[in-house]
Amino acid sequence: MFRSLRENGPALLVPAAWTVVAATALDVVSTRALFVAHVVMSALLVAFVIASWRDMASGVLRAWKLVILAGVPATLAGLAGFLALGGADTLSPPLLAVSLFGWMLLPAAGSAYTARRVEAGSRIYDAGAACCVAGAVAVALAPSATWTAVGLGLVGAGQTAGILDATLRY
């Protein structure tokens with residue numbers, strides 16, 4: 001059962017995570033709820049990479065292991081951002097930005113790499129990388145919370161397409 005969760009869980013968790021972030025940008029979900037989700041995702045991320053260490057030793061999976069490992073400090077920066085200055089209700093924008101943009105752009109690099117290494121689905125990974133970069137630019141330049149959510153949705157869609165393809169195809 002644990003192996004099945006490890007193999008299929010990311011296909012559910014990736015879109016769920018971006019949905020919560022976008023909902024927070026729109027004030028539909030509280031910052032406190034986002035903090036709790038961030039803590040849970042941080043624990044799951046570390047557990048996933050530890051449990052998958054040997055399976056991710058070569059090829060495309062090794063590249064994704066490196067994405068995850070590079071993402072751990074970005075994730076920890078996000079946790080520090082939530083905890084800075086008094087807790088989850090007071091945010092530290094620079095640290096949160098490291099986490100947010102880290103998790104928008106690190107998977108873009110992983111998707112671009114994957115697109116060059118696989119035949120089946122390469123266009124999905126190219127599109128996913130493009131969505132991540134375009135979404136990051138949209139978030140950086142967003143004039144409103146609505147446009148921030150649109151950019152986050154673009155990132156989420158690109159990453160979800162890649163993880164769904166990997167889950168279903170491989």
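The protein chain exposes about 9100 Å² of surface. Carbon and sulfur atoms supply 71% of this area. The model is a predicted one, and the values given here are computed from it. Buried residues account for 37% of the 170 residues in the chain.

The overall dimensions come next. Along the principal axes, the C-alpha atoms occupy a box of roughly 45 × 30 × 25 Å. The radius of gyration of the protein chain is 16 Å. For 170 residues, a compact globule would be expected to have a value near 15 Å, so the chain agrees with that expectation.

The secondary structure consists of six helices and zero strands. In sequence order, the pattern reads α-α-α-α-α-α. Contacts were also sorted by separation along the chain. Among those with a separation of 6 or more, 66% join residues 24 or more positions apart.

One pair of residues illustrates such a separation in sequence. Ala140 is placed in helix H5. Ala97 lies 43 residues away from Ala140 along the chain. The C-alpha atoms of these two alanines are separated by 9.6 Å. Ala140 itself is exposed, because its relative accessible area is 53% and the cut-off for exposed residues is over 50%.

Charged side chains were examined next. The protein chain carries 10 positive and 7 negative charges. The mean position of the positive charges is 9 Å from that of the negative charges. Side chains of opposite charge can pair when their charged atoms come close. The structure holds one salt bridge. Its partners are Arg116 and Asp126, whose closest N and O atoms are 2.8 Å apart. This distance satisfies the salt-bridge criterion, because the nitrogen of Arg must be within 4 Å of a carboxyl oxygen of Asp.

The two partners belong to separate helices. Arg116 is part of helix H4, which covers residues 93–117. Asp126 is part of helix H5, which covers residues 122–141. The salt bridge therefore ties together parts that are 10 residues apart in sequence. The partners were also assigned to exposure classes. Arg116 is exposed, with a relative accessible area of 53%. Asp126 is partly exposed, and its relative accessible area is 30%. Helix H5 thus contains both Asp126 and Ala140. In summary, the predicted model describes a chain of six helices with a single salt bridge, formed by Arg116 and Asp126.

Methods
Residues numbered from 1 in each chain as written. Predicted model: local features only at pLDDT ≥ 70, side-chain atom pairs only at ≥ 80, totals over all residues. Heavy atoms only, no water. Salt bridge = Lys/Arg side-chain N within 4 Å of Asp/Glu carboxyl O. Helix = DSSP H or I, 4+ residues; strand = E, 2+ residues; numbered from the N terminus. Buried < 20%, exposed > 50% of the residue type's maximum accessible area, 1.4 Å probe, protein only. Rg over C-alpha atoms; globule rule 2.2 N^0.38 Å. Contact = heavy atoms within 4.5 Å. Areas by Shrake-Rupley, 256 points an atom, 1.4 Å probe, with all protein chains shown as cover. Lys, Arg positive; Asp, Glu negative; His and termini not counted. Charge placed at Lys NZ, Arg CZ, Asp CG, Glu CD.
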